[in-house]
Amino acid sequence: MSPLANLFRSSIGRKILMAVSGLVLTGFAFGHLVGNFQIFGHPDQINGYAHFLQSLGPALWAVRLVLLGAVGLHVWAAVALSLESRAARGPEKYGVHRWLSAAWASRTMRLSGLVVLAFVIYHILHFTVGVTDPTNFKGALSDWVMTEDAREFGIPLAAKGTVVHDVYSMIFIGFTCPWIAGFYILATGLLALHLLHGIDSLFQTLGLRSAKWSGGLRKAATLLTLGYFLGNLAIPGSILTGVVKPAPGTTAAERTGCACAMCPAETKP
Ligand code: HEM
């Protein structure tokens with residue numbers, strides 16, 4: 001069997017595929033969070049950054065394909081490994097043991113993985129395609145004219161005067177809706193839990209989870225994933241509670257409250 005076929009057919013090969021695709025997705029998740037923190041700056045910042053990403057054209061599509069491939073591989077390996085371990089275990093006699101053992105971690109992994117997958121599909125429809133949020137339909141949102149040049153690490157992101165999509169208002173308007181903000185908080189909480197168990201399995205696959213290291217590794221993973229969750233919580237949380245207000249002159253600043261069908265009339269803009 002060729003080494004590539006072995007990777008797909010053997011149990012350890014599937015675990016390696018799962019770990020590598022998981023690492024790619026984790027890298028994206030942390031990078032995306034750092035980029036999203038620009039929401040706390042001037043609108044030029046995140047709007048210029050989003051405009052720069054959109055202007056990458058084929059390079060952006062290459063990254064999207066890598067991410068899509070990583071998601072596909074990760075889900076495929078998870079299903080294959082889960083079927084394999086079920087077959088190896090045979091009929092379950094001691095139900096209580098299943099809940100108290102590693103099966104609990106894998107059950108929460110399946111549940112959190114499914115919710116995160118559903119969230120990512122919703123999130124792309126919400127922010128990238130712009131079709132799910134009635135307060136955010138593309139027509140309801142004005143474009144943003146850059147007031148200053150935006151640069152990051154010396155890279156020109158967008159020039160003063162360029163008309164760009166107002167991602168800043170899109171995020172603020174989206175997160176004034178408690179249902180939307182709540183779903184983001186729930187999904188990123190489950191994603192953090194998923195990452196915590198994922199890091200554990202990664203070290204197990206690499207054979208690095210020795211008795212000497214396991215306590216320290218667990219603490220480091222807990223800190224990292226907690227930091228990730230708190231970072232994600234800060235964005236919808238601070239907007240929903242009004243701790244951070246939209247900048248004057250943006251579409252978001254001209255609106256108050258949420259216009260979705262589920263929120264009461266008194267909160268409508
Ligand atoms: C507070 C939380 C988040 C905010 C404010 C946020 C913001 C955004 C925005 C504004 C876009 C669209 C960019 C554009 O089209 O110009 C986007 C795209 C995306 N986000 Fe998020 N995001 C958040 C959390 C997440 C999480 C937790 C994930 C998954 C781990 C995620 C995955 C994605 C993906 C896959 C895209 C599509 C990228 C593309 O255009 O190909 N986001 N996000």
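**Notebook: first look around the model**

**Ala181**

I started with Ala181, which has its place in helix α8. Before going further, I noted that this is a predicted model, where local features need pLDDT of at least 70, side-chain atom pairs count only at pLDDT 80 or more, and totals for chains, interfaces and linings use all residues. Numbering starts from 1 along each chain as its sequence is written.

Is Ala181 buried or exposed? I found it buried, because 21 other C-beta atoms lie within 10 Å. (Buried takes 20 or more other C-beta atoms within 10 Å of the residue's own, exposed 12 or fewer, and partly exposed is in between; C-beta atoms are placed from the backbone.)

Next I asked which residues Ala181 touches, leaving aside those up to four places away in sequence. My list reads Phe175, Pro236, Ile239 and Leu240. (Contact is C-beta atoms within 7 Å, again placed from the backbone.) I then checked Leu240 by another route: 59 residues separate Leu240 from Ala181 along the chain, while their C-alpha atoms are 6.9 Å apart.

**The whole protein**

I stepped back to see the layout. I counted nine helices and four strands in the protein. (These are DSSP runs numbered from the N terminus: helices H or I, at least four residues; strands E, at least two.) Reading from the N terminus, I wrote down the order α-α-α-α-α-α-β-β-β-β-α-α-α.

How much of the protein is buried? I noted 24% of the 269 residues. I also looked at contacts between residues at least 6 apart in sequence, and 72% of these join residues at least 24 apart.

**The largest nonpolar core**

Ala181 turned up again here. The largest nonpolar core holds 32 residues, and Ala181 is listed with Ile46, Val167, Tyr168, Ile171, Phe172 and Phe175 as having the most contacts inside this core. (Such a core joins buried Ala, Val, Leu, Ile, Met, Phe, Trp, Tyr and Cys through C-beta atoms within 7 Å.)

Which elements supply at least two residues each to this core? I found α3 (43-54), β3 (155-158), α7 (167-174), α8 (178-205) and α9 (211-240). With 10 residues, α8 provides the largest share.

**Helix α7**

I then turned to α7, a contributor to that core. Eight of the eight residues of α7 are buried, so this helix is largely enclosed by the rest of the structure. I can name them: Val167, Tyr168, Ser169, Met170, Ile171, Phe172, Ile173 and Gly174.

**Ala158 and Phe153**

I moved on to Ala158, which I located in strand β3. Ala158 counts as buried because it has 23 C-beta neighbours inside 10 Å. Beyond four places in sequence, I saw that Ala158 touches Gly48, His51, Phe52, Met146, Ala150 and Val164. I looked up one pair reaching far along the chain: Ala158 and Gln45 are 113 residues apart in sequence, with 9.1 Å between their C-alpha atoms.

Where does Phe153 sit? I found Phe153 in the loop between β2 (150-152) and β3. Phe153 counts as exposed because 5 other C-beta atoms lie within 10 Å. I also marked its phi, near 50 degrees, as a positive value in a residue other than glycine.

**Helix α2 and its partners**

I compared notes on two pairings of α2. The axes of α2 (residues 11-36) and α4 (residues 58-89) come within 8 Å and cross at roughly 140 degrees. (Axes are lines fitted to C-alpha atoms, for helices over the stretch in contact; angles run from 0 to 180 degrees between N-to-C directions.) On the α2 side, I listed contact residues including Leu17, Met18, Gly22 and Phe28. On the α4 side, residues such as Val66, Ala70, His74 and Glu84 are among them.

For α2 with α9, I read an angle of about 35 degrees and axes 10 Å apart. Here Phe30, Leu33 and Asn36 of α2 meet Tyr228, Gly231, Asn232 and Ile235 of α9.

**Around the ligand**

Last, I looked up the ligand's surroundings. How many residues surround the ligand? I noted 19, with Ala29, Ala50, Phe127, Thr128 and Ile235 the closest. (A residue is near the ligand if its C-beta atom, placed from the backbone, lies within 6 Å.) Two or more residues of this shell come from each of α2, α3, α6 (102-129), α7, α8 and α9. I recorded α6 as giving the most, with five residues.

Notes. Contact = placed C-beta atoms within 7 Å.
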